[in-house]
Amino acid sequence: MTEIRHNWTKEEIRAIYERPLLSLMLEAANVHNENHVFGEVQISSLLSIKTGGCSEDCSYCPQAARYNTGLTVQALMKTGDVVQAAQNAKSGGASRFCMGAAWREVRDNRDFDRVLEMVKAVNALDLEVCCTLGMLTEYQAERLAEAGLYAYNHNIDTSKEHYGEVITTRTYDDRLKTLSNVREAGISVCSGGIIGLGENEEDRIGMLLTLATLPQHPESVPINTLVPVAGTPLAGNSKVQFDELVRMVATARIVMPKSAVRLSAGRLDLSVAEQGMCFMAGANSIFAGDKLLTTANPEFNADKEMFQVLGLVPKAAFADAKHKKQQQLQHEQA
Ligand code: SAM
Ligand code: DTB
Ligand code: SF4
């Protein structure tokens, strides 16, 4: 049985991260095999329910109002249209549906009431419903939980040390507070970050350290590669090499054995072979659909073919929750 640890040190994580790539992959594959069904991949679908015009200065983001990225700003979508998109995602094989809004934080207004309505409606489709709406108070997290929200995505993005180089309009501690509000409300936590923001190896290790030493590991850890968007300050950043991504995925798998590691933004730049190395190294979740929030993602058919070539199978919705419930019942009966 793999031990789940929350007391990792930076030195330990660095020693894992710096291992020769194939030996790192082998260890990650073993940890993956012990804790997950090998080859099973969770498919999430993303929808931008409110696009652009965001007040924050996240230097990677095409949706920040202060950068001229040519994006058309769109107000909050209508519930009916969102439900239709969720239905389409389900027919396409998705088990999780994630709604994203270009907000700094949630405000207690009619827009939030509408999001709660969307959460209820998507939940009724038997999809794991997820939101990423910016910062949340305890009360807002509770309201989302009551509406049936399954998971909340809120990324720490990078290390505590590098964070200020990327975003100045809210702090690392603000992000961690939202994560604890989400956790307290009993919602599944999805939190990870981005590589390619100009960080060094130490920052990547630092980001994994923050996640792996949270009181409870996030159930899902997205590893995004920067999608450079013209007009954003990071548009000219150099490209992340695939081996750096594999290293990041494998280390996340080893230090957070039970979490889903999501191969997130940046897949369009990866070959099937490179993505295959990531699945081998412990990635077991993707965003599918030809659009992420505002940028392109592999086409439906390309992913279908990849699943066939690599022998991957989609994971059913609520598999983890059902497993947890079963274990609880067995425990109560014993
Ligand atoms: N506004 C909310 C927030 O910031 O939490 C939710 C939406 S925001 C777009 C969700 C996440 O997308 C960010 O935290 C970031 O990690 C990721 N992201 C945004 N732009 C990206 C890009 N160009 N490349 C890779 N990931 C990106
Ligand atoms: C996450 O970690 N990656 C997704 C999701 N969570 C919300 C978003 C990626 C966004 C990439 C840039 C865009 O499409 O706007
Ligand atoms: Fe706004 Fe989120 Fe983009 Fe930052 S990442 S600018 S908070 S939409």
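An oxygen atom of ligand 1 comes within 2.9 Å of an N or O atom in the side chain of Asn 155, which makes a good place to start. Of the accessible area that ligand 1 has on its own, 550 Å², the protein covers 91% (areas by the Shrake-Rupley method with a 1.4 Å probe; for residues, only the protein chains shown count as cover).

A word on the basis of these values: this is a predicted model, in which local features need pLDDT of at least 70 and side-chain atom pairs pLDDT 80 or more, while totals for chains, interfaces and linings use all residues. Side-chain values use heavy atoms, without hydrogens and water, residues are numbered from 1 along each chain as its sequence is written, and chains are lettered from A and ligands numbered from 1 in the order in which they are written.

**Two ligands**

Around ligand 1 there are 19 residues, and the closest are Tyr 60, Asn 155, Asp 157, Arg 175 and Val 227. Here a residue counts as near if one of its heavy atoms lies within 4 Å. The residues surrounding ligand 2 include Asn 155, Phe 287, Leu 292 and Leu 293.

The table gives polar contacts of both ligands (pairs of N or O atoms within 3.5 Å).

| Ligand atom | Protein partner | Distance |
|---|---|---|
| Ligand 1, nitrogen | Ala 101, polar backbone atom | 3.2 Å |
| Ligand 1, nitrogen | Trp 103, backbone N or O atom | 3.1 Å |
| Ligand 2, nitrogen | Asn 153, polar side-chain atom | 3.3 Å |
| Ligand 2, oxygen | Asn 224, side-chain N or O atom | 2.8 Å |
| Ligand 2, oxygen | Thr 294, side-chain N or O atom | 2.7 Å |

For ligand 2, the protein covers 89% of the 400 Å² of accessible area that the ligand has on its own.

Ligand 1 sits in the largest cavity, and ligand 2 sits in the largest cavity too. A cavity is a set of points, on a 1 Å grid over the protein atoms alone, where a 1.4 Å probe fits but cannot get out; a molecule sits in it if more than half of its atoms lie within 2 Å of its grid points.

**Rings and charges**

Ring pairs of Phe, Tyr and Trp (its six-membered ring) need centres within 6.5 Å; planes under 30 degrees apart are stacked, over 60 edge-to-face and the rest tilted. One aromatic pair results from this rule. The Tyr 163 and Tyr 172 rings are edge-to-face, because their planes stand at 70 degrees with centres 5.3 Å apart. Tyr 163 is buried at 3% relative accessibility, and Tyr 172 is buried at 4% (buried is under 20%, exposed over 50%, partly exposed in between; 1.4 Å probe, protein chains only).

Arg 5 lies over the face of Trp 8, 4.1 Å from the ring centre, and Arg 262 over that of Phe 287, at 4.9 Å. The rule asks for NZ of Lys or CZ of Arg within 6 Å of the ring centre and within 35 degrees of the ring normal.

Technical notes: Polar contact = N/O pair within 3.5 Å; in protein donor to acceptor, adjacent residues only side chain to side chain. 1 Å grid on protein atoms, 1.4 Å probe; cavity = no way out; pocket = protein on both sides within 12 Å on 5 of 7 lines; lining within 4 Å.
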